[in-house]
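Good morning, and thank you for making time for this presentation. I would like to go through one model with you, moving from ring contacts to cysteines, backbone and surface.

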Amino acid sequence: MANLPQEPLPTCPPPQVITEDDRTGLSVATLKRALLDNLFYLQGKFPQIATLNDYYMALAYTVRDRMLQRWNYTAATYTDRGSRTVAYLSAEFLMGPHLGNNLINLGIESQVRQAVEELGISFDEVLAQEEEPGLGNGGLGRLAACYLDSLATLEIPSLGYGIRYEFGIFDQQIRDGWQVEVTDKWLRYGNPWELARPEWEVEVGLQGHTEAYTDERGHYRVRWVPDRLVKGIPYDTPILGYQVNTANTLRLWKAEAAESFDFQAFNKGDYYKAVDEKIVSENITKVLYPNDEVIQGKRLRLAQQYFLVSCSLQDMIRILSRQQLPLEDFHKKFTIQLNDTHPALAVAELMRLLVDVHGLGWESAWSITQQTFSYTNHTLLPEALERWSVSLFGRLLPRHLEIVYEINYRFLDEVRIAFPLDEERLQRMSLIDEGGERYVRMAHLAVVGSNRVNGVAELHTQLLKQDVLGDFYALYPEKFTNVTNGVTPRRFMVLSNPRLATLITGRIGNHWIKHLEDLRQLENGLEDAGFRQEWRQVKQAVKRDLAVRIQEQQGLMVDPESLFDVQVKRIHEYKRQHLNVLHIISLYAQLKANPNLDVAPRTCIFGGKAAPGYTMAKLIIKLINAVAEVVNRDPAMGGRLKVVFLPDYNVTNAQRIYPAADLSEQISTAGKEASGTGNMKFAMNGALTIGTLDGANVEIREEAGAENFFLFGLTAPEVAALKSRGYRPRDYYDTNPQLREVIDLIQQGVFSHGDRELFRPLVDSLLYHDPYLLFADYASYLDCQAEVSRAFQDTERWTRMSILNAARMGKFSSDRSIRDYCNLVWKVQPVPVTLENHKA
């Protein structure tokens, strides 16, 4: 048989294998592979010997890789377009843990959780390994962090500038009821989120003298000859927006010696001198807020502030040059926000750089400076408006003092034209306080050098215009505006309260996460009994979580069914934690006298740190713990009253506390709190507020509805009127038996093991001074707390009020605040970022 030609067999194209880049892929398989690679190649560990911290570091690098793609394309987009950029200068950035927030913003939390747990590791335990960067003291730094989140989410070109403190806000321990400060070693295991940029280092001068000379064009000039030079090294952290490609930058400066080792001194045997310059220079960024009760602390704090602004402004000029933009366009490229007075030195430093270093004329430089800066005031307390003695200022920054004098000379001429023959006004408005020892007034410098000045709540801005900065408002009414603070719902709802976020999303979709005003749609479910039940179940679940944590930490059992009455914030007399304590003692006395008293069971929870040198605040912490010791050990309470102080209040712990609160204590003296942001975080999570008409409480009550807010106390005008008439706190003690009983219990040593002297400074301050009017507000506060108890006992009423509080908090998203800044202050527009596939 003839051989027939064979038909070729049909061929199939080879199967396509789709692979993901290990650095950008988001599948569970790719994430597992990338995590193990980073564990092996970056941590130098294999699974059998790796610790939980190794896994955390490896996971952080894995997540950072996915951010770097966005970060680089964001920077490239801004560079190509020469985008107008917000530079946010702040002495504090209280960022909180990065990992969980970045997973939320990338939208990969569930994939990462699965990838980690498929490796046999607890995802929650890995998450808990992160050391929180303690780069802030409280609300100021946390606000800055919220704003960075919203700037990125809204795709606004921005740079956050701050200080990379080696040791942040202290860790707080409670020993025998007293606060004990422990060093915050947040960098001990490294920081996987930052990248050092030594190639962008700058030099910062200190001390020295000035020399006048005539330049080649015959113009009078001044040069500063500093005695010391310090290097500023930038460390960059990507700040990712929610579900966008934008990743902006937080740039933190570390101080290093210009010459870190003196070989000549070493060779002569002077080993201490050999490294002295390194030690002295690095002290500048060693610790957040050194103790400024002594002159060395004051000098160091002023050096910190100057170091921050000089590094940052030099960096902006470098960026301007890199983008080939003329220096005269500095104010077009950058709009700089001064977050309180700490960076106010930037006004004088920009003038020095423009005039002395780059040769611009004074008028041209001043025009650029005023068009560049905006200033946010955060306080109504006169003692919190920073001042620096002229002698200290002049020794550390001799050229800047000359510049401040020149600004003041020209400014006072402006005041004289507007208000002729008004010498008292000139003295009040001068940048130099001439009464006794002479001081530089930093808030005045910030106002004069800025084109916009804003308060942070409607009441706060109104009081600024009327009182604290009233003279400046009379001269520059067009400068003043209000931007009410806000907080990011990504961290304080989605991340910290996932049960509630899931319930809300199931009801109205997930659009609310970037458009918080959508929460109003929850009101449609108010009459749905099933929804109200689900709402209560979520609240009870997070309360059980906190109760378990309290038992684990303190061995104290609290009842999740009780009213969780929470006050967590910085400890300060004006915030009136001790007013809360007076109510607790009153309730304790009532329950002792009448065990059948019809009140809701209550768990009173405190948290917060006192400044190390603030003796009265530390005594308030001791009083809280002393009352807790007595109340919690008294069997007569039968679980109806418990008191808890949660130590080391920070962002991590706040994320556990806000969702669990039933009642939010916002009880500062009216007219003292600029805004507050904890009040917003509580309300977003369904807590009801008991508070005065102070700060943002006013607007929260307007939004939530007066019927859903527990209001008590004097108003700001009533506080002022009472003080002007002559406030006598002893009269309230003499005429109010309930108040007298409470104070007497403290005086008689009931809460101090019979020691009548322990709390005498606090009691005497209240009886004879009471600067924050606790006694005047006491009766009103107790009446309001009784109404709280009645409302909580009506479960359906309380649930409706809780839902309405959360549903009506849309105004208090930091996204709304940033939109207000963009429109009213900065005049900037979003710049979307497009990703392309990376090619090696």
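**Rings, cysteines, backbone and surface**

Let me begin with a cation over a ring: the charged end of Lys609 lies over the ring of Phe170, at 5.3 Å from the ring centre. Please keep in mind throughout that the model is predicted. A second arrangement of this kind involves Lys543, whose charged end sits over the ring of Phe564, 4.7 Å from its centre.

I turn now to contacts between aromatic rings. How many aromatic pairs does the count come to? The count comes to 19 aromatic pairs. One of them joins Tyr88 and Tyr147 in an edge-to-face arrangement, with 6.2 Å from centre to centre and 90° between the planes. This pair links distant parts of the chain, since Tyr88 belongs to strand β1 (residues 85-89) and Tyr147 to helix α6 (residues 139-153), 59 residues apart. Are these two tyrosines buried or exposed? Tyr88 counts as buried because its relative accessibility is 1%, and Tyr147, at 0%, counts as buried too. Both tyrosines also belong to one aromatic cluster, formed by Tyr88, Phe93, Tyr147, Tyr821 and Trp826.

Next, the cysteines. The number of disulfides in the structure is zero. Cys146 is accordingly in no disulfide, and the nearest cysteine sulfur, which belongs to Cys822, is 16 Å away. Cys146 counts as buried, because its relative accessibility is 1%. Why does Cys784 form no such bond? The cysteine sulfur closest to that of Cys784 is in Cys604, 14 Å away, and is therefore too far for a bond; the cut-off for a disulfide is a sulfur pair within 2.5 Å. Cys784 has a relative accessible area of 8% and is therefore buried.

On the backbone, I would draw your attention to two aspartates. Asp340 is a residue other than glycine with a positive phi, near 75°. Where is Asp340 placed? Asp340 lies in the loop between β11 (334-339) and α11 (346-357). With 9% relative accessibility, Asp340 counts as buried. The other aspartate is Asp770, which is not a glycine either, yet has a positive phi of about 45°. Asp770 is found in the loop between α30 (760-768) and α31 (774-793). Its relative accessible area is 1%, so Asp770 is buried.

Finally, the surface. Which residues form a nonpolar patch there? The patch is made up of Phe40, Tyr41, Leu42, Phe46 and Ile49, which together have about 570 Å² of accessible area. Phe40 is located in helix α1 (residues 28-41). At 48% relative accessibility, Phe40 counts as partly exposed, because the exposed class starts over 50%. From Phe40 to Ala50, ten residues further along the chain, the C-alpha atoms are separated by 9.3 Å.

To close, I would bring two of these places together. Tyr88 and Tyr147 form an edge-to-face pair within a cluster that also includes Trp826, whereas Phe40 contributes to a nonpolar patch on the surface. I would be glad to take your questions.

Key:
Residues numbered from 1 in each chain as written. Predicted model: local features only at pLDDT ≥ 70, side-chain atom pairs only at ≥ 80, totals over all residues. Heavy atoms only, no water. Buried < 20%, exposed > 50% of the residue type's maximum accessible area, 1.4 Å probe, protein only. Phe/Tyr/Trp six-rings, centres within 6.5 Å; stacked < 30°, edge-to-face > 60°. Helix = DSSP H or I, 4+ residues; strand = E, 2+ residues; numbered from the N terminus. Lys NZ or Arg CZ within 6 Å of the ring centre and 35° of its normal. Patch = residues over 30% accessible without salt bridge, like charges linked within 9 Å, V, L, I, M, F, W, Y side chains within 5 Å. Areas by Shrake-Rupley, 256 points an atom, 1.4 Å probe, with all protein chains shown as cover. Salt bridge = Lys/Arg side-chain N within 4 Å of Asp/Glu carboxyl O.
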